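Let's take a walk through a protein model together. We'll start with an empty space, then look at a residue inside the fold, and finish with some aromatic rings.

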Amino acid sequence: AVLHFVKTNRNTFIRYGLLALVVVVFTTATGGMIFSSFSINSILSQLTPLIILCVGMTFVFAHGNFDISVGAVLALNALVAIFVINGMGCTAASVAVALIASVALSVGFYLFNIFVSIQFRIMSTIGSLAIMFTARGIVTYLVSRTMSGYKLADTSVLSLFREQWFMLIMIILVSVIGWIVFSYTSYGKYDKAIGDNQLSAMQSGAKVNRVKYISYAIAGVCVGLATMFYLARTNSVTQNFGQGREMDIMIALILGGMLLSGGSKSRMSAAIVGSITYVILTNGLSQLGLADSYVLIIKSVIFIIMIATTLRRSSTVRAMPR
């Protein structure tokens with residue numbers, strides 16, 4: 001009975017086991033400094049936007065798609081936000097308008113992506129690639145016309161997005177809403193069913209195209225919201241803004257136990273636990289004095305190992321008779 005329980009909940013044990021291992025290893029290696037007040041603030045500032053992004057992308061991953069345009073869309077959103085905030089005099093109203101503009105822009109990009117994918121019957125990754133080149137090209141062109149990129153005229157205008165209490169509230173709020181929608185609504189169940197077998201999901205009553213549109217709209221909202229937290233950290237936009245975020249999302253989700261193929265085994269906890277594991281891992285490596293280049297190599301190795309493990313497990317699941 002015990003062995004059956006362990007086997008049945010293997011993904012859960014792996015998910016929380018990795019988190020516990022990372023916490024123990026880096027707490028010991030850094031003498032507890034990884035959880036000092038300064039480190040906690042740094043962890044929160046990185047964790048908040050990453051969890052928001054991962055929660056949104058879970059809805060896309062669950063039905064078997066994934067996105068590679070996140071970093072470029074974040075950069076373009078942030079650039080638009082700076083134009084809006086500076087243009088309106090760096091007021092609270094300007095921040096609200098910038099947030100709305102950021103969400104609207106990213107939702108527009110993501111809905112366009114899935115629209116093209118459905119209408120022309122092509123992989124959504126192709127549309128994602130086109131959006132990435134378009135958004136990054138616009139940012140690169142505009143930033144190249146300046147000496148050091150675009151900056152907020154008043155950095156205090158986004159101080160709310162740097163407050164620990166606000167970041168904690170947003171982490172809890174987004175995680176709880178995402179968990180409820182993903183786990184306890186018919187939409188969430190259909191989303192996962194499409195990842196298992198799109199035809200079977202359709203025969204079970206799922207409106208496949210509608211589910212995909214909703215998934216990409218949710219992802220767009222999360223990207224737009226996460227933009228404000230990233231901008232609050234940098235206060236400016238350069239050509240490199242947002243680069244590598246799509247890799248961060250994939251590593252975090254995979255560390256949390258998300259299968260690349262999506263399906264019924266997808267869990268919202270993968271986004272939350274995976275993000276925490278990834279941020280602690282990244283901060284721990286940095287506190288140990290490793291150069292950024294070595295941290296990047298280690299992250300790449302972890303990504304390859306987790307991908308290989310995930311693909312093996314996914315193939316095993318799909319090979320089983322239904």
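**A pocket, a serine and some rings**

The second largest pocket here has a volume of about 380 Å³. Of the 16 residues that line this pocket, Gln46, Tyr230, Arg233, Arg245 and Asp248 are the closest to its centre. Keep in mind that you're looking at a predicted model. How do we find a gap like this at all? Rolling a probe the size of a water molecule over the atoms shows where empty space is left.

So what is the wall of the pocket built from? Helices H3 (37-62), H10 (208-234), H11 (245-255) and H12 (268-287) each supply at least two residues of the lining. Sort the lining residues by character, and you get six nonpolar, six polar and four charged.

Now let's turn to helix H3, where you'll find Ser45. Is Ser45 buried or exposed? Its relative accessibility is 17%, and since anything under 20% counts as buried, Ser45 is called buried. A polar atom of the Ser45 side chain lies 2.8 Å from the backbone oxygen of Ser42. If you leave aside the neighbours within four places in sequence, Ser45 is in contact with Met167 and Arg233. You've met Arg233 already, as one of the residues closest to the centre of the pocket.

On to the rings. The structure holds 10 aromatic pairs. Take Phe166 and Phe229: their ring centres are 5.9 Å apart and their planes sit at 20°, so this pair is stacked. Phe166 belongs to helix H7 (residues 164-184) and Phe229 to helix H10, so the pair ties together parts that are 63 residues apart in sequence. Both partners are tucked away from the surface: Phe166 counts as buried because its relative accessibility is 15%, and Phe229 counts as buried at 2%.

Compare that with Trp179 and Tyr184. Their ring centres are 5.3 Å apart, but the planes are at 90°, so this pair is edge-to-face. Trp179 has a relative accessible area of 41%, so we call it partly exposed, while Tyr184, at 56%, is exposed.

One last thing to look for: which residues do ring pairs link into a cluster? They are Phe161, Trp165, Phe166 and Phe229. Try finding the stacked pair, Phe166 and Phe229, within that cluster.

How values were computed: Residues numbered from 1 in each chain as written. Predicted model: local features only at pLDDT ≥ 70, side-chain atom pairs only at ≥ 80, totals over all residues. Heavy atoms only, no water. 1 Å grid on protein atoms, 1.4 Å probe; cavity = no way out; pocket = protein on both sides within 12 Å on 5 of 7 lines; lining within 4 Å. Points joined across faces, edges and corners; volume = space filled by probe spheres on them. Helix = DSSP H or I, 4+ residues; strand = E, 2+ residues; numbered from the N terminus. Nonpolar A, V, L, I, M, F, W, Y, C, P; charged D, E, K, R; others polar. Buried < 20%, exposed > 50% of the residue type's maximum accessible area, 1.4 Å probe, protein only. Polar contact = N/O pair within 3.5 Å; in protein donor to acceptor, adjacent residues only side chain to side chain. Contact = heavy atoms within 4.5 Å. Phe/Tyr/Trp six-rings, centres within 6.5 Å; stacked < 30°, edge-to-face > 60°.
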